[in-house]
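The following questions and answers introduce a structure to a reader who has not met it before. Please look at the sequence and the model first.

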Amino acid sequence: MDFAFSPEEEAFRAQVAAFLEKEVPREYREKRITFFDMSAQSDWIQVHRSMAEKMGEKGWLSMHWPEKYGGRGVSPFYRLILREELARYHSPGYDSIGCGIVAPALLLKGSEVQKKRHLPGIASGKSMWCETLSEPNHGSDLAAIEVFAREEADCFVVNGQKIWTTNGHFADWNALIVRTDREASPNYRGLTFFLVDMKTPGITVNPVINMAGHHEFNEVFFEDVSIPKENIVGGLNKGFYVVMSLLDYERTTDTVYAIAATYLRDLEEYACDNDLLNPVLENRFAQFKAECEVARLLHYRCAWMQSQGMVPNHESAMSKMFSFELHQRISDFGMEVAGPYSQLTEESALAPMFGRISSCYLRSFAYSLEQGTSEIDRDVIAQRGLGLPRLR
Ligand SMILES: Cc1cc2nc3c(=O)[nH]c(=O)nc-3n(C[C@H](O)[C@H](O)[C@H](O)COP(=O)(O)OP(=O)(O)OC[C@H]3O[C@@H](n4cnc5c(N)ncnc54)[C@H](O)[C@@H]3O)c2cc1C
């Protein structure tokens, strides 16, 4: 088996690396800001938008889309290469929700009008997205969600609350799933998926501050929010099917193995520079290095399936669960590498890696929750991968 990239793919990687070498703000690389810790930077949103637009101008955010929709029809490995390099250079700029989740869902389930309306904004990096699936009482069990949209002549009117909305405080558009039929049996047949302009009157976004003290997610309130019927994706009461295919993409969007491998490399450099290495630490570094390789190959399998027109399902659950949990364990290991100093936050001049170690550790608790929990991933692997019965 040959896992090598083609000369064209390697040339693309070199092109991306040269671009990032020049464009990523120096501070981001010096401080070794990780993808999941970007909101620690006060200028993050501006840098994120500006990097996205620069990559959009080059056509890099949509390379693997069909040419008909502004892509170049290349394999999904180009997206993977881009994201590996973004991780390696500590760069913001990739809208995981717009590029990684909404665009593939639209390509699969959107109408021609919706594709023409929304794909150019995502490809150019100019329109940023959030997704409002979770509610205070329903996260894993999306089939039971309660936020309701009432049908009127030419629109639906939404009332209720969503929560944990990543990037909701600056997103231009929102992928929303709500209940449109309270009598439907089974309950998942009563859900509809909408595209919502975040400037629509009646939407209020309140910050939720994470454990590391940073603002990345929000609660979102809908008060008589009117959404035109043409913004329904996949048909009335068929939203659950859109969400299920969207989750298959969400689990592979973030190339977490690359983000984890970059953090491991940063820790290794810190340990070497500060003469902290000992045989026990060396062994742990070696073990994690091997596990990053496993995570990388699990992810490559998903990219390969996508390149063949297949939609990875239990394969993407396996890749996502393994790489997020690995990143969680490496974040925990970071606390050992720097000893008691690891606890210091970036306000302290003595904090190792500008406070990244404590910040990454605190952020890492969410890794087994976000994008669906590890337990749900294991359910998917057990039932769809192993064919075991559904016991809950
Ligand atoms: C950093 C972060 C970002 C997020 N961003 C977004 C976002 O942008 N948009 C959005 O809509 N949501 C977002 N979420 C929410 C996330 O998707 C949910 O937290 C997640 O799906 C779990 O839902 P819950 O929190 O309601 O927990 P629950 O569903 O109540 O689960 C509680 C516990 O029970 C376990 N459990 C539940 N059901 C089962 C089962 N069938 N089998 C085994 N165990 C089970 C879970 O694994 C979990 O440990 C984000 C979450 C985090 C942490």
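Q: How far apart do the C-alpha centres of domain 1 and domain 3 lie?
A: This is a predicted model, in which local features need pLDDT of at least 70, side-chain atom pairs count only at pLDDT 80 or more, and totals for chains, interfaces and linings use all residues. Residues are numbered from 1 along each chain as its sequence is written. The chain is divided into domain 1 (7-94), domain 2 (130-239) and domain 3 (255-385), with bounds from an automatic or database domain assignment. Between the C-alpha centres of domain 1 and domain 3 the distance is 20 Å.

Q: How many residues does domain 1 give to its contact with domain 3?
A: Two residues are in contact if their C-beta atoms, placed from the backbone, lie within 7 Å. Domain 3 supplies 15 residues to the contact, and domain 1 supplies 15 residues.

Q: Which helix gives the most to the largest nonpolar core?
A: A nonpolar core is a set of buried Ala, Val, Leu, Ile, Met, Phe, Trp, Tyr and Cys residues joined through C-beta atoms within 7 Å; buried means that 20 or more other C-beta atoms lie within 10 Å of a residue's own, C-beta atoms being placed from the backbone. The largest such core has 93 residues, and Val102 and Ala260 are among those with the most contacts inside it. Helices are DSSP runs (H or I, at least four residues), numbered from the N terminus. With nine residues, the one that gives the most is helix α8 (residues 256-273).

Q: Which residues does Ala260 touch, not counting those up to four places away in sequence?
A: Ala260 is one of the residues with the most contacts inside the largest core. Its partners, leaving out residues up to four places away in sequence, are Cys292, Ala295, Ser323, Leu326, His327 and Ile330.

Definitions and conventions: A residue is buried if 20 or more other C-beta atoms lie within 10 Å of its own, exposed if 12 or fewer, and partly exposed in between; C-beta atoms are placed from the backbone. Helices (H or I, at least four residues) and strands (E, at least two) are DSSP runs, numbered from the N terminus.
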